[in-house]
Amino acid sequence: RNTDFKSRYVPNNRSGIGFGFASSKVLVDIAFNIKTKPEDVTRRFDMQGTAILAKKNYVNFYVQSYKGFNVKNDFDQPTVFRDDIKSITIGINTLRTIPDIEFSYSMLKAGLDNVNKKVYVTGGFGAFAFYDYFSADGDVLEDNADMYFNEQAHIKRYNSAAVGVLGGLLSVFGLPHNITASCNIMPGIGLMYKHVTLADDTYTPSNHFLFKLDYTLALGYNVERYYVSLIYGGGAYSTNLGYGNSYRFNLTKAKLAFGYKLGRGKKRKVNNNAR
């Protein structure tokens, strides 16, 4: 985007169905994409995971590869689907908490119900790293965008890598009727190397700062054998490309899960009387 206009790139067939397993420390999901129509299909691979290591280390990572985007704008030009635009993003966040992580939204997602207090709050500091890439056969802007963007916005390929520091707040709230809520917020600031390839030129933006925010909101309902969780979360970062242009990346996920707990049957009474 520039001061007045922006172009957005949104994938198709964003829904999926799948299965997974979870514990108090690790959550793994495997999902299959749902394609509702044969044309304008986004070819995609998504992997996201969360782990708690040694009671104080909260780690989440993501890998995303997409090819095919709807190109939308705010200057009254029609939306078009471009199957030549592809995007790859790989990232990891680590948070070292000051107190131990007694209960987290990872446990909420796993359907664990040992919420002994009304409020759990944990905070700390950490680091992040990610790689971001997108490209097109020509450039990512349509021909009708010439009058709205300058020459340096007609990007054929973009490469970037970033490292930085972040802070975080992890919170869980025990609510009535077996309901648990969670909110995680992790803002960060870092340094980023960027390289932009145009049709006939390349350049490296001189501004290396970036700002990012990761967040998660969750609700869970828990009974003896079953649980339901609703989770919405994602991450975003913004950086300056120079020449009056900027770039913002958003990664979001919404998940509705129905779970069945293993190994939680009622204990049998043991009769120790000898006969």
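Reader: Let's begin with charge pairs. Which side chains meet in a salt bridge with an N to O distance of 2.2 Å?

Author: Lys212 and Asp214 do, with their side chains meeting at 2.2 Å, N to O. To call such a pair, look for a Lys or Arg side-chain nitrogen within 4 Å of an Asp or Glu carboxyl oxygen. Keep in mind that this is a predicted model.

Reader: Are Lys212 and Asp214 buried or exposed?

Author: Lys212 is buried, and Asp214 is buried too.

Reader: How many salt bridges does a search of the whole structure find?

Author: The search finds 4. One of them is Arg82 with Asp84, at 2.8 Å from N to O. Arg82 also forms a salt bridge with Glu142, where the closest N and O atoms are 2.5 Å apart. That second pair links distant parts of the chain. Arg82 sits in strand β6, Glu142 in the loop between β7 and β8, and 60 residues separate them.

Reader: Which residues do shared partners join into one network?

Author: Arg82, Asp84 and Glu142. Their salt bridges share partners, and that makes one network.

Reader: How do I judge the burial of Arg82, Asp84 and Glu142? Which numbers matter?

Author: Use the relative accessible area, with under 20% as the cut-off for buried. Arg82 counts as buried because its value is 12%. Asp84 is buried as well, at 14%. Glu142 has a value of 23%, so it counts as partly exposed.

Reader: Next, strand β6. Where does Ser87 lie, and what is in contact with Ser87 beyond its neighbours within four places in sequence?

Author: Ser87 lies in strand β6. Leaving those neighbours aside, Ser87 is in contact with Gln64, Ser65, Tyr66, Phe69, Tyr133 and Phe134. Its relative accessible area is 10%, so Ser87 is buried.

Reader: And Asp83? Which strand holds Asp83, and what is its relative accessible area?

Author: Asp83 lies in strand β6, which spans residues 80-97. Its relative accessible area is 46%, so Asp83 is partly exposed. Asp83 also belongs to a charged patch on the surface.

Reader: Which residues gather in that patch, and what is the sign of the charge?

Author: Glu39, Asp40, Asp83 and Asp137 gather there, and the charge is negative.

Reader: Now the nonpolar surface. What makes the patch of about 1,100 Å²?

Author: For a nonpolar patch, join nonpolar side chains within 5 Å. Here the patch includes Val119, Val121, Leu169, Phe173, Leu175, Ile179, Leu219 and Tyr221. Val228, Leu230, Leu256 and Phe258 are in it too. β7 (119-135), β8 (155-175), β11 (209-222), β12 (226-242) and β13 (245-260) each give two or more residues.

Reader: Which element gives the most to the nonpolar patch?

Author: β8 does, with 3 residues. Take Val228 as one member of the patch. Val228 is in strand β12. Val228 is partly exposed, because its relative accessible area is 30%.

Reader: Backbone next. Where does phi turn positive in a residue that is not a glycine?

Author: Asn13 is one case, with phi of about 35°. Asn13 is in the loop between β1 (7-10) and β2. Its relative accessibility is 13%, so Asn13 counts as buried. Asn178 is another case, with phi near 65°. Asn178 is found in the loop between β8 and β9 (179-198). Asn178 has a relative accessible area of 45%, so it is partly exposed.

Reader: What does Gly18 touch, beyond residues up to four places away in sequence?

Author: Gly18 touches Ile30 and Ala31. Gly18 is found in strand β2 (residues 16-22). It is partly exposed, with a relative accessible area of 48%. Now compare sequence and space. Gly18 and Asp29 are 11 residues apart in sequence, and their C-alpha atoms are 7.2 Å apart.

Reader: Step back to the whole chain. What is its secondary structure?

Author: It comes to 1 helix and 13 strands. From the N terminus, the order is β-β-β-β-β-β-α-β-β-β-β-β-β-β.

Reader: How many residues does the chain have, and what share counts as buried?

Author: The chain has 275 residues, and 42% of them count as buried. The exposed surface is about 15,900 Å², with 57% supplied by carbon and sulfur atoms.

Reader: What share of contacts with a separation of 6 or more comes from residues 24 or more positions apart?

Author: Such residues account for 66% of those contacts.

Key: Residues are numbered from 1 along each chain as its sequence is written. This is a predicted model: local features need pLDDT of at least 70, side-chain atom pairs count only at pLDDT 80 or more; totals for chains, interfaces and linings use all residues. Side-chain values use heavy atoms; hydrogens and water are left out. Patches are made of residues with over 30% relative accessible area and no salt bridge: like charges are joined within 9 Å, nonpolar side chains (Val, Leu, Ile, Met, Phe, Trp, Tyr) within 5 Å. Accessible areas come from the Shrake-Rupley method with a 1.4 Å probe; for residues, only the protein chains shown count as cover. Lys and Arg count as positive and Asp and Glu as negative; His and the chain ends are not counted. The place of a charge is taken as NZ of Lys, CZ of Arg, CG of Asp or CD of Glu. Buried means under 20% relative accessible area, exposed over 50%, partly exposed in between (1.4 Å probe, protein chains only). Contact means heavy atoms within 4.5 Å.
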